[in-house]
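Here is a short briefing to read alongside the structure. Have a look at the model, then follow the notes by topic.

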Amino acid sequence: MTAEPSLTFAYEPNATPVAANERAARLVAPQFGRVFTDHMAMIRYSDDKGWHDARITARAPLSMDPASSVLHYAQEIFEGMKAYRLADGGTALFRPEANARRFQASARRMAMAELPEHLFLESIERLVEIDRDWIPTSDEGALYLRPFMIASEVFLGVKPSAEYLYMVLASSVGAYFKGGAPTVSIWVSQDYTRAAPGGTGEAKCGGNYATSLVAQAEAIRNGCDQVVFLDAVERRYVEELGGMNVFFVFDDGSMATPPLRGTILPGITRDSILTIARAQGITVREEPYAIDQWRADAASGRLVEAFACGTAAVVTPIGSVAEPQGRFEIGGGGPGQLTLRMRDALVAIQRGTAPDTNGWLHRLD
Ligand code: PLP
Ligand code: COI
């Protein structure tokens, strides 16, 4: 890999940006992932030139050769992060260096070129600075950033591509769950697993999401919002949801979350909650938790809360869990106290209303 020390981003302003009044209308109640800003970032890579051709340009359709290898062998990775409007009027990213490093780790797993951290950060900073007016002003509003990279070599042989296209899209978002659902219901997938040891579970590659969709569709058919996957070996231990990590809260005030053993995504929200909880003196265990235990603990009252967490979903309480043999509720089905405390603490740091003692905010002003 050739990693140039720096690249200058060309700026090609959108000649026909969305008018301010039309933009304001689109920002009123944006559905997740449907409202896009005027620009996008792009950087190209080839084995012979290294990283080159960095630009911020008008968001537009791509033209690509149908033999581009991503279309055949799915060499694709992505990230998800947000730019927030701060209480003092500024703009900030939350732990973007962590996304940059995870993007590199995903690239290594998928045998793709690793984008240097400073280029990842600069592509995002430049795009957010240019499209800052697209950050909604609503309480849960943010600019969701979607860096991604595809294998762009025109070749049908099965091998790591010699060319890649890295891009960043920006999308104005509100709450991830429709109507800002106070709790979500979870379907326990029986027939499908998400990732096996040695597989791609800890990489953020599109393929992981493609294979989760049949299980997510099954969750919807069973009247649930989301699917939760069990481990692929014993089919017992809770891993994560299709697009979120999971936490459990017990009656002694402790918390637990599945450990990082290569099959789940190392969520940045997960890591932030571990840090926040421990700083508050809460005992948090990273340990396997079996679905049988979850069911038994919910029945006995030992388990009092459960929640899902991720960039898109922030912290979302889990109200009930459904399996073929029946459904069980958690803590009466409503949002739990510790769950809401974790969400408030996280959001306060992200919005700049609580002290940023860990240096997580990356201000753009
Ligand atoms: N797990 C999966 C499968 C995800 O897609 C996500 C979302 O990015 C997460 C967990 C949470 O990760 P993060 O907190 O970094 O957004
Ligand atoms: C995120 O939270 O950023 C995700 O990527 C989850 C989902 C939208 C894929």
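Welcome to this predicted model. A good place to begin is a contact of ligand 2: one of its oxygen atoms lies 2.7 Å from a polar side-chain atom of Tyr144. Taken alone, ligand 2 exposes 280 Å², and the protein buries 88% of that. The space that ligand 2 takes is the largest pocket.

**Polar contacts of ligand 2**
- Besides Tyr144, the side chain of Lys204 has an N or O atom 2.9 Å from an oxygen atom of ligand 2.
- Ala312 takes part through its backbone, where a polar atom is 2.8 Å from an oxygen atom of ligand 2.

**The shell around ligand 2**
- Ten names are worth finding in the viewer: Phe32, Phe78, Gly80, Tyr144, Arg146, Lys204, Tyr209, Gly243, Thr311 and Ala312 surround ligand 2.
- By residue class, this shell divides into five nonpolar, three polar and two charged residues.

**Two domains and the ligand**
- The protein chain is divided into domain 1, covering 10-174, and domain 2, covering 179-350.
- Where the two domains touch, 19 residues from domain 1 and 20 residues from domain 2 make up the contact.
- Measuring between C-alpha centres, domain 1 and domain 2 lie 27 Å apart.
- Why does ligand 2 lie between the domains? Both domain 1 and domain 2 give residues to the shell around ligand 2, so the ligand lies between them.

Conventions: Residues are numbered from 1 along each chain as its sequence is written. Chains are lettered from A and ligands numbered from 1 in the order in which they are written. This is a predicted model: local features need pLDDT of at least 70, side-chain atom pairs count only at pLDDT 80 or more; totals for chains, interfaces and linings use all residues. Side-chain values use heavy atoms; hydrogens and water are left out. A residue is near a molecule or strand if one of its heavy atoms lies within 4 Å of it. A polar contact is a pair of N or O atoms within 3.5 Å; within protein, one must be able to donate a hydrogen and the other to accept it, and residues adjacent in sequence count only if both atoms are side-chain atoms. Accessible areas come from the Shrake-Rupley method with a 1.4 Å probe; for residues, only the protein chains shown count as cover. On a 1 Å grid over the protein atoms alone, a cavity is a set of points where a 1.4 Å probe fits but cannot get out, and a pocket is an open set with protein on both sides within 12 Å along at least five of seven lines; lining residues have an atom within 4 Å of a point. A molecule sits in a cavity or pocket if more than half of its atoms lie within 2 Å of its grid points. Ala, Val, Leu, Ile, Met, Phe, Trp, Tyr, Cys and Pro count as nonpolar, Asp, Glu, Lys and Arg as charged, and the others, Gly among them, as polar. Domain bounds come from an automatic or database domain assignment. Contact means heavy atoms within 4.5 Å.
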